[in-house]
Structure formats: C-alpha cells, structure tokens
Amino acid sequence: MMNMRSDRLKQHPGNQTDQKQPSDKKTSLNGCNLSERSCEALSSVLSSQSSSLRELDLSNSDLQDSGVKLLSAGLKSSQCAVETLSLSGCLITEEGCTSLASALSSNPSHLRQLDLSYNHPGDSGMKLLLAGLKDPGWRLDTLRNGLSGRCYWEVEWRGGVFISVSYRSIRRKGGSDDCGFGGNDQSWSLYCSDNGPRYVRHNNRLTSSSSSSVSNRAAVYVDCPAGTLSFYRVSSDTLIHLHTFNTTFTQTLYPGFTVCYPGSSVSLC
C-alpha cells in the first residue's frame, strides 16, 4: 500500500506538521481504504442538499477506478460543492479519469483543485482532464500529477531494480544508457540487488552506496523547493542514509522503477 506520509518522515529535520482545527467543510479520510459501500455512502453525502463539504482528502485510500466511478456519481450532482479533491495514491487509471471528467462536465461550477499524483492516468486520461483546464465552463484551475513540495515513500524490492525519480521528458525508447533511469541529466536512481543497495546514478555517473543492514526496503525523500533528493535504507524503524543529490529541479518530478531481470520485483509500501 502506498503511504506518502510515513511517520518516519517526522525524523527529517526539515519536516513540520501543521495542526488545523476540524471543520464540517473539510474532511480527511487519508489512508482509510474505503470499501465500495463506503464510496456509495460518501457519494450520497456529496449529493445531499445539506452538504457543506468544500475540501475532501481521500489520498492513499486504494479507491481504484471502481471507487472513483461511485464517487463521481456524487460529484456530478449540482448539490456537490467540493472545491478541493485529493486522490493521490488511489490506484486510478485512464478509466477513473474518464469518470472524473464526465462528472466535472456535468457539474463544472465548483471543483477548483484536483490532486491525482501517484496514480496511473496515462496520456489519454490526462488529456481528458487537461481539456477541462482550458474549458471556460470549468472552474478547475489546478491539476496535480507529479511530485511537488516535500514527498516521502518506501519501496520493497527483490532481485535487481532501479528506484528512481525522473522528469517526464526523459527519453523512453531505445537501448542506450541515456534512455535508462540515472543514465541522463533528467533522472536520479538507486540500484538495488539481493545483496542490498549497490550504487546511485545520475547523468550516467555511478557513486557506490551500500549499508550493512539486511533489510530489502528503501526510502526516498524529495524536497523539491530545496532541491534535495535523498535515498535511505530502512531497517526496522531506522532510516540509514545512503546518498543525497543536491540540485535545482526545473521540471515536475515523477517516481519511476525498472525491474532488471526475471524474478525481480518492486512494490510500494
């Protein structure tokens, strides 16, 4: 399960947590893994005449396309007044984006901010929603699909894998080094094998990076404004620093993975 705000992030000296007072206009169900029945109930609330909900955070809830389709039934309602909707890390694909675009076309007058980061909308799914940004009938003015601010995630691996962060403009076709994560100036990567982290790579320059821990879990921390990208090995509840890149990020960042040979695997924690 994807968890972009692990408690381990609190260990980072740059992290601060804002405390906000609860409000009937803002609801957070972050990481609640909503069932279809829960999605139906939430959809009913959104379409209720008495609903005053303006901000809804369903990040990391594993909604998938089926849950988004149910939720979209409520978003379609003219009674729905949600202005900010966070669906980060909900396993949404092109199908879910189609449901969202249809809902917003039916009720374009409220939603202003939509967060779809850490999903898999594909080019066609994004085109549907980006069209809404250009549609004068929609109020949508912010569509997030990438890394921004400060982000943290953990990965478990087996075999040989690259755990990476990349610009969208990276070359994706061809067999040369500059088409692979870390083989160019548009991506940064950590290579791990069954023996643990081996090296980091950027612009095809390799730097050895290893630790004595036997854990097969790694962590990535990105601070976009500060221009830092750090890789860690996770051992129990401890972060073991492997390497930090310092740069100036000039484009939106995206997580990426490469499975190097049969039997290898990688999964978000």
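# Close-ups of cavity, pocket and sheet

**View 1. The lining of the largest cavity counts 5 nonpolar, 2 polar and no charged residues.** Keep in mind for this and every other view that the model is predicted. The residues around the largest cavity are L75, C80, V82, L104, N107, H110 and L111. With a volume of about 50 Å³, the largest cavity is a modest subject for a close-up, and the structure has just 1 cavity of 30 Å³ or more.

**View 2. A81 sits in the loop that runs between helix 2 and strand 3 (84-86).** Is A81 buried or exposed? A81 has a relative accessible area of 9%, so it counts as buried, the cut-off for that label being under 20%. To place A81 against a far-off part of the chain, take I240: the two residues are 159 apart in sequence. In space, their C-alpha atoms lie 45 Å from each other.

**View 3. Q64 belongs to helix 2, which covers residues 64-75.** Look at the backbone here, since phi of Q64 is near 60°. That is a positive value, and Q64 isn't a glycine. The relative accessibility of Q64 comes to 41%, so this residue is partly exposed.

**View 4. The second largest pocket takes lining residues from both domains, at least three from each.** The domains in question are domain 1 (25-144) and domain 2 (150-268). Their centres, taken over C-alpha atoms, are 31 Å apart. The second largest pocket holds about 560 Å³ of space. Its lining runs to 26 residues, and by class these split into 14 nonpolar, 8 polar and 4 charged.

**View 5. Here we go in on the middle of the second largest pocket, where N119, H120, R168, Y254 and P255 are the lining residues nearest the centre.** Which strand gives the most to this lining? It's strand 14, with 4 residues. Helix 4 (122-134) and strand 7 (161-167) are also on the list of elements that each supply at least two residues.

**View 6. Five strands make up an open sheet, in the order 10-9-8-7-14.** Their pairing is antiparallel. At the edges are strand 10 (205-208) and strand 14 (253-259), each with a partner on one side only. From one strand to the next, the twist averages 20°. As a reminder, the strands of a sheet pair through backbone hydrogen bonds, in either a parallel or an antiparallel way. Strand 14 does double duty in these figures, as an edge strand of the sheet and as a contributor to the lining of the second largest pocket.

**View 7. Strand 8 (residues 187-193) and strand 9 run antiparallel, joined by 6 bridges.** The two are linked as a hairpin, with 2 residues connecting them. One pair to pick out is S189 with R201, its bridge partner in strand 9.

**View 8. On to the next pair, where strand 9 (residues 196-202) and strand 10 run antiparallel and share 4 bridges.** Two pairings are handy landmarks: Y199 stands opposite S208 of strand 10, while V200 has T207 of strand 10 as its bridge partner. These strands also form a hairpin, again with a turn of 2 residues between them.

**View 9. The turn of that hairpin includes N203, whose phi is positive at about 55°.** N204 is found in the loop between strand 9 and strand 10. Its phi is positive too, near 65°, in a residue other than glycine. How exposed is N204, in terms of relative accessible area? The value is 35%, so N204 falls in the partly exposed class, which sits between the 20% and 50% cut-offs.

Definitions and conventions: Residues numbered from 1 in each chain as written. Predicted model: local features only at pLDDT ≥ 70, side-chain atom pairs only at ≥ 80, totals over all residues. Heavy atoms only, no water. Pairing = 2+ DSSP bridges. Axes fitted to C-alpha atoms, helices over the stretch in contact; angles between N-to-C directions. Domains from an automatic or database assignment. Buried < 20%, exposed > 50% of the residue type's maximum accessible area, 1.4 Å probe, protein only. 1 Å grid on protein atoms, 1.4 Å probe; cavity = no way out; pocket = protein on both sides within 12 Å on 5 of 7 lines; lining within 4 Å. Points joined across faces, edges and corners; volume = space filled by probe spheres on them. Nonpolar A, V, L, I, M, F, W, Y, C, P; charged D, E, K, R; others polar.
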